[in-house]
Amino acid sequence: MEKENNKRKIGILISAIIIVILLLIGFTYTYLSSHNKTDRTVQAGTLLIEYSDEGMETVNLSNIQPIYDKDMMEKASKIPFKVINKGTSLAYVEIDLTDITISDALKSADFKWTLYSGDEKISEGNFVNAGEKVPITKNQEITSSKNYELYIWISETGLDQSYMMEKTFSAKITINGHQNPVLLSEAIKDNNSPIDTKEPDFNKIAKTDEGLIEGEDTDGKTYYFRGAVEDNYVKIDGLKWHETELNIQQPGEDMLFRIVRINGDGTIRIISDGPVANGQIYNGDGKPEYVGYTYNNGKKCTSDNVCDGTEGISSDIKKALDKWYNKYMIKYDSLIAVSKYCNDTTTTTATNNDIYYGAYNRLNRNDGHVPEPTFICPNTDKDYGGEYKLKVGLLSADEAAFAGVDRKTTSESYILKIVHSDKYYYIYWTGSPSLFDYFDQEIMAFYNNLGNPRDISDDGEAVAVINLKADILYESGSGTKNNP
């Protein structure tokens with residue numbers, strides 16, 4: 001990019017209109033708007049928004065000049081406003097940019113926004129996926145009043161950004177008030193509305209974003225992401241990648257997760273965006289029970305008698321995940337729910353004494369059978385495997401099928417892909433055994449690509465699956481990798 005003193009001189013034209021709709025559950029609203037320039041107030045029910053003469057009612061930006069992020073507070077377009085609660089009850093406020101008009105060139109990670117309240121950064125993001133609405137923040141508690149400043153700017157990269165500088169952007173700031181905070185699960189469903197209730201074709205790989213789909217598990221309705229979804233990233237504040245021999249991310253980088261589904265009990269299943277352990281993570285060949293997450297259990301892990309993981313002998317993969325959790329996740333334990341994990345060890349036996357496990361029969365038969373994944377873990381009559389209630393575990397092969405992978409190919413465009421820094425795609429163990437080869441005494445289990453079960457004595461990698469509690473609140477972010 002040419003040096004700053006050689007750039008075209010451009011101006012920032014910002015004129016003012018904010019049209020704000022405030023909805024407070026349980027009240028009948030009258031919308032009042034003052035046209036007096038010295039009385040910049042919009043009122044609805046017991047909430048109102050107030051902004052100074054330097055503020056903007058409508059955000060209109062054109063000929064925007066790139067600035068360095070460090071200069072954002074001094075040079076970015078600034079929209080200050082105050083939200084006032086004149087009622088006697090606490091209000092939970094969500095702030096969005098709506099009615100957005102944006103040039104395609106500005107749908108970029110370099111076109112950014114940040115919301116502050118005083119010296120506190122509330123949230124930040126960009127407009128790379130800007131549509132009709134950009135969520136700014138939710139669950140802002142307003143007891144009496146709170147001041148905000150919204151900053152919008154093009155981030156200087158040192159590259160040629162002249163194609164962005166002559167473009168335009170406009171939006172309205174919309175504020176909605178609620179008597180109750182917004183749960184993360186509800187924000188996910190709202191952000192992916194309408195939710196598809198039609199069962200997809202499990203015989204085909206999901207190569208596009210098929211959105212959020214309604215299904216059924218043992219606790220009720222579940223909602224799962226399928227296909228090339230890019231807005232299901234979650235970050236737990238403070239959690240970083242640790243030093244491992246895996247060399248996936250640099251130690252100290254934010255550790256991201258991807259939302260797999262909202263479980264029937266309202267908890268949210270997420271999967272680490274990278275392996276947390278590797279090696280020979282099952283117990284090796286020789287005995288069918290070695291496919292068990294635990295084996296030689298004192299009791300059978302059925303839906304009526306769910307195991308907590310303390311019975312029997314733990315597999316190597318369970319030991320590895322428990323070690324990771326106890327070292328790195330224990331400080332976040334209050335956020336994590338005890339949830340169900342399926343290690344389906346129901347079987348059928350062939351005439352040659354080969355043993356086929358339940359996931360193989362549902363997902364990987366080669367007789368023209370259409371895959372039939374399920375979120376309901378079948379009852380097993382074995383003293384290994386079954387349904388566990390744990391803090392951390394493995395994805396099932398059925399969940400991989402729901403997410404969009406098929407039995408023949410590895411999808412590079414579905415939500416469970418994990419990209420190494422060298423740009424190749426990881427495959428990793430699921431918790432679902434495939435078959436026991438009686439002649440060779442080999443046990444096979446599913447990787448996440450489903451079409452190529454692996455010998456469990458092979459080295460492999462494990463990603464962590466945890467479940468956020470149902471009462472976790474949504475605060476900010478659009479769910480993209482850059483704004484989780």
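**Figure 1. K481 and D273 pair up across a long stretch of sequence.** K481 is partly exposed in this predicted model, with a relative accessible area of 47%. The salt-bridge partner of K481 is D273, and the closest N and O atoms of the two sit 3.9 Å apart. K481 belongs to the segment after β28, while D273 is in the loop between β16 and β17 (277-279), so the pair ties together parts that are 208 residues apart in sequence. D273 is the buried end of the bridge, at a relative accessible area of 8%.

**Figure 2. K391 and D333 link two loops.** Here the closest N and O atoms of the salt bridge are 3.3 Å apart. K391 comes from the loop between β23 and α6 (397-403), and D333 from the loop between α4 and β20 (339-343), so this pair ties together parts that are 58 residues apart in sequence. What about exposure? K391 comes out at 21% relative accessibility, which counts as partly exposed; the cut-off for buried is under 20%. D333 is partly exposed too, with a relative accessible area of 25%. K391 also turns up among the contacts of I466, a residue of the largest nonpolar core.

**Figure 3. E186 and K189 form a salt bridge within helix α3.** The closest N and O atoms of this pair are 3.1 Å apart. Being 3 residues apart in the helix, E186 and K189 are separated by about one helical turn. E186 is partly exposed at 40% relative accessibility, whereas K189, at 19%, counts as buried. Zooming out, the structure holds 22 salt bridges, and some of them join up: D217, R261, R269 and E399 are linked in a network. Side chains of opposite charge can pair when their charged atoms come close.

**Figure 4. The largest nonpolar core has 51 residues.** Which members touch the most others? They are W324, M329, I466 and L468. The core draws on both helices and strands: α3 (184-191), β13 (220-227), β14 (233-240), β15 (254-262), β16 (268-272), α4 (316-329), β23 (386-390) and β28 (465-468) each put in at least two residues. There's also a second, separate core of 33 residues, with L106, W113, I142 and M164 among its members. In soluble globular proteins, nonpolar side chains tend to be buried together.

**Figure 5. A closer look at the contacts of I466.** Leaving out neighbours within four places in sequence, I466 is in contact with I236, F257, I268, R269, I270, Y325, M329, I336, Y341, K391 and V392. One of these, M329, is in the group that touches the most other core members, as is I466 itself. Another, R269, takes part in the salt-bridge network with D217, R261 and E399.

**Figure 6. N85 is a buried residue in strand β5 (residues 77-85).** Its relative accessibility is just 5%. The N85 side chain reaches the backbone oxygen of S89 at 2.8 Å. Beyond four places in sequence, N85 touches T46, L47, L90, A91, I142, T143 and S144. I142 in that list is also a member of the second nonpolar core.

**Figure 7. D383 sits in the loop between α5 (358-363) and β23.** Buried or partly exposed, which is D383? The relative accessible area is 33%, so D383 is partly exposed. Not counting residues up to four places away in sequence, D383 touches Y295, N296 and N297. The C-alpha atoms of D383 and G292 are 8.6 Å apart in space, although the two residues are 91 apart in sequence.

**Figure 8. Confidence varies along the chain.** The mean pLDDT is 79, and 78% of the residues reach 70 or more. Where is confidence lowest, and where highest? Strand β1 (residues 31-33) is at the bottom with a mean of 25, and β28 is at the top with 96. Over residues 1-44 pLDDT stays under 50, and the model has 113 contacts beyond four places in sequence for that stretch. Residues 419-424 also stay under 50, with 8 such contacts.

**Figure 9. The whole chain, for context.** The protein chain contains 6 helices and 28 strands. Buried residues account for 54% of its 484 residues. Of the contacts between residues at least 6 apart in sequence, 72% join residues at least 24 apart. The accessible surface comes to about 21800 Å², with 45% of that belonging to carbon and sulfur atoms.

Methods: Residues numbered from 1 in each chain as written. Predicted model: local features only at pLDDT ≥ 70, side-chain atom pairs only at ≥ 80, totals over all residues. Heavy atoms only, no water. Helix = DSSP H or I, 4+ residues; strand = E, 2+ residues; numbered from the N terminus. Buried < 20%, exposed > 50% of the residue type's maximum accessible area, 1.4 Å probe, protein only. Contact = heavy atoms within 4.5 Å. Areas by Shrake-Rupley, 256 points an atom, 1.4 Å probe, with all protein chains shown as cover. Core = buried A, V, L, I, M, F, W, Y, C linked by side-chain atoms within 4.5 Å. Polar contact = N/O pair within 3.5 Å; in protein donor to acceptor, adjacent residues only side chain to side chain. Salt bridge = Lys/Arg side-chain N within 4 Å of Asp/Glu carboxyl O. pLDDT = per-residue confidence, 0-100.
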